[in-house]
Amino acid sequence: MFSKPGSSRSEPQDESDLFPVITYRHLLSQGQGVKNPLRVIALCDMDAFYAACEQVRLGLDPSVPLVVRQWNLLIAVNYPARKYGINRMCKIADAKRLCPHVRVVHVATYKEGENEPVYVDEPDSMTHKVSLDHYRRESMKIINIFKEGLPGAEIEKASIDEAFIDLTQPVREEILRRYPNLAEVPEGGSLDTPLPAPPTVLWEDLGALVPIAPDAEQSETHSEPDSKEKISQDATVDVPTVPSWHDLALSIGASLMKPTRERIHGELGYTTSAGIARNKFLAKLVASYKKPNTQSILRNAAIPNYLRPMEFQKIRFLGGKLGTELANEYDVSTIGDLLKVPLEDLQNKFGEGSIWVYEVLRGIDRSEVKEKATLNKSMGASKNLGKPVTKREDGYHWIRLMASELAFRLLELRETYPGVWPKTIVLHIRQGWQTSRSKQAPFPFVRNLTADDISKAGDKLWDELVGINSTSINITNLGLAFAGVEASSAGQRHIDNFLQSPDKRAQSPQKRKRKESISVPGDQDLAKADTQWTCPECRKVVTVPESDDPFTVPGEALATLKTIHEDEHMAQDLAERFARQEARQESSRTNVRPPAKKRKEGGILKFFQPK
């Protein structure tokens with residue numbers, strides 16, 4: 001969850017970047033972004049979120065072991081159940097054997113004829129469709145609490161159960177409120193005058209503080225509470241222990257996060273874990289330091305000894321082919337081992353792009369926290385079919401199920417945004433592991449929307465896609481989606497246009513030219529265990545190949561393929577960046593304008609290309 005290496009500066013940074021001199025300019029100037037040495041980023045993660053949602057919905061005691069299942073897969077295991085050795089790789093029977101009194105809850109499902117999802121103990125995957133609506137609603141409630149409780153902060157919803165929060169601005173305001181004498185540069189000084197010595201920083205009751213210099217007997221937790229790595233004496237480095245202004249900024253950030261997390265627990269019943277550090281990469285990493293229901297703080301001075309004992313291949317982008325090559329080339333396994341490799345050596349063997357490897361090993365990340373639109377432009381439902389549809393008439397059943405889900409979600413959304421309406425309805429199908437095919441049509445406004453209205457439109461697209469007289473089909477995935485979902489202000493003409501008759505609408509000059517096919521990312525039918533993902537950047541559909549191996553977990557296989565695909569984009573961006581840099585340098589010598597884009601092959605890029 002950190003920046004693509006292509007966004008890094010060409011000049012590398014080292015651990016001296018951890019201890020910058022803080023000046024009045026840093027405190028008083030706005031708009032410094034990721035370069036601000038007083039930057040404070042938090043990552044808040046919901047503890048076993050799906051399981052917590054069900055525990056709260058059912059009114060169960062938090063100490064009750066509970067797992068959430070989706071068909072035959074476990075998609076969430078709460079912490080009381082984990083104490084019995086249950087994890088998401090377990091089968092239902094194994095979970096009950098390990099803990100006979102474990103509570104098993106199947107996610108809600110849609111059934112034909114029902115207008116909303118219901119909870120059934122043993123739904124049939126041949127007739128039912130999974131709904132994750134309850135978790136989406138609870139997730140939005142949490143995001144709203146962040147927005148209300150942390151005014152001035154930038155909030156980026158990273159996934160359904162976690163969010164990044166840039167606390168830099170509210171922290172800056174709090175520093176100036178506490179120390180108003182810092183609002184003006186002292187007489188005879190300038191904006192570049194260093195701030196005076198910082199006050200004593202009090203960490204009590206603010207969370208778990210990652211130690212600066214752990215001794216030989218101390219353990220650091222880097223993932224789950226029972227996963228610990230011993231830090232040997234020779235793995236540590238000496239770092240300054242004098243409090244800094246950034247320490248104060250982190251403590252203020254922690255003091256802002258604590259009541260917000262307590263409010264989430266008090267109002268909604270969910271516990272959270274948070275990591276607070278100087279950037280997104282480190283905040284994400286340290287959020288797992290003392291889970292569950294704790295916030296952990298990583299001071300700049302603690303970064304070197306926190307990172308050094310970690311296996312570097314656990315870091316995103318370093319767990320694939322590049323990580324393996326680095327491990328083999330230098331015979332290393334930990335970050336501390338790889339830190340000994342000079343940048344020049346890395347670049348000689350892996351190209352200019354290996355600057356980002358050098359930096360991320362030192363905890364450097366410049367990605368921004370960017371708030372995403374609360375109203376998604378698309379809304380989709382899809383179904384991976386265990387039993388393929390081989391007859392045209394059998395497809396109508398699944399279209400009606402997906403129409404019920406879309407109707408439920410759109411009507412629910414209109415309660416918050418009364419003017420919201422989709423421009424287009426899209427049906428996409430896939431036969432076997434072939435590339436998806438899709439068909440779209442305008443979706444006219446309906447005053448009293450029902451699932452039948454959506455189903456009729458979907459049925460028409462289905463007939464166009466498979467053919468009315470088709471006798472040989474083998475559909476393994478169906479998806480129905482709305483595209484161009486927008487909230488309109490009163491009086492906007494295009495809403496009136498929806499109310500016109502089809503003939504009049506066809507004559508309207510505002511009508512957009514209809515495309516034959518688009519790809520819309522629908523909500524997958526399997527939560528964290530699906531077989532298909534659409535890349536939002538290039539629109540490529542990534543699918544998990546069919547496997548006869550009974551131990552293959554679709555969600556894990558998809559996650560691996562998704563990471564590989566994202567790594568390809570990252571590496572291409574990186575190669576383009578250095579190609580442009582070389583072109584600019586050449587241009588300065590020849591006074592010739594460089595090309596807009598030039599992709600440089602080889603170097604670090606080859607490690608992100610699939611075989």
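This section walks through a predicted model of a single protein chain, from its overall make-up down to two individual residues.

Start with the whole chain. It holds 18 helices and 21 strands, and buried residues account for 50% of its 611 residues. The accessible surface adds up to about 29,700 Å², with carbon and sulfur atoms contributing 49% of that area. As for how the sequence folds back on itself, take the contacts with a separation of 6 or more: 69% of them link residues 24 or more positions apart.

Next comes the inside. In soluble globular proteins, nonpolar side chains tend to be buried together. In this model, the largest nonpolar core contains 56 residues, and V68, F146, I165, L167, I175 and M257 have the most contacts inside it. Helix α7, which covers residues 245-268, supplies the largest share of this core, namely 9 residues. A second core, separate from that one, has 39 residues, among them A277, L338, L346 and Y358. Back in the largest core, L167 makes a handy example. Leaving aside residues up to four places away in sequence, L167 touches V40, A42, L150, A153, G253 and M257.

Now for the sheets. One open sheet has 6 strands, arranged in the order β7-β8-β1-β12-β13-β9, and its pairing is mixed. The edges belong to β7 (154-159) and β9 (208-209); each has a single partner strand, so one side of each is left without a neighbour in the sheet. Further in, strand β1 (residues 41-46) runs antiparallel to strand β8 (residues 162-166), and 5 bridges join the pair. Across this pairing, L43 sits opposite F164 in β8. Helix α7 turns up again here: it lies across β1, β8, β12 and β13 (295-297), and runs at about 165 degrees to β12.

Another open sheet is made of 3 strands in the order β3-β2-β4, also with mixed pairing. Here β3 (73-77) and β4 (103-106) are the edge strands, each pairing on one side only. From one strand to the next, the twist averages 35 degrees. The pairing of β2 (residues 66-70) with β3 is antiparallel and spans 4 bridges. Within it, V68 faces A76 in β3, and V68 is also one of the residues with the most contacts inside the largest nonpolar core. Helix α2 (residues 49-58) packs on this sheet and touches β2, β3 and β4, with its direction at about 110 degrees to that of β2.

Finally, two residues are worth a closer look. N279 is in the loop that links β12 (272-277) to α8 (280-286). Its relative accessibility is 2%, and because buried means under 20%, N279 counts as buried. The side chain of N279 reaches the backbone nitrogen of L282 at 2.9 Å. Not counting residues up to four places away in sequence, N279 also touches R39, I41, G363, I364 and D365.

V21 tells another story. This residue belongs to the segment before α1 (24-28). With a relative accessible area of 56%, V21 is exposed, because the cut-off for that label is over 50%. Once residues up to four places away in sequence are set aside, V21 touches H26 and P194. V21 and S244 are 223 residues apart in sequence, yet the C-alpha to C-alpha distance between them is 9.2 Å.

Note on methods:
Residues numbered from 1 in each chain as written. Predicted model: local features only at pLDDT ≥ 70, side-chain atom pairs only at ≥ 80, totals over all residues. Heavy atoms only, no water. Helix = DSSP H or I, 4+ residues; strand = E, 2+ residues; numbered from the N terminus. Buried < 20%, exposed > 50% of the residue type's maximum accessible area, 1.4 Å probe, protein only. Polar contact = N/O pair within 3.5 Å; in protein donor to acceptor, adjacent residues only side chain to side chain. Contact = heavy atoms within 4.5 Å. Areas by Shrake-Rupley, 256 points an atom, 1.4 Å probe, with all protein chains shown as cover. Core = buried A, V, L, I, M, F, W, Y, C linked by side-chain atoms within 4.5 Å. Pairing = 2+ DSSP bridges. Axes fitted to C-alpha atoms, helices over the stretch in contact; angles between N-to-C directions.
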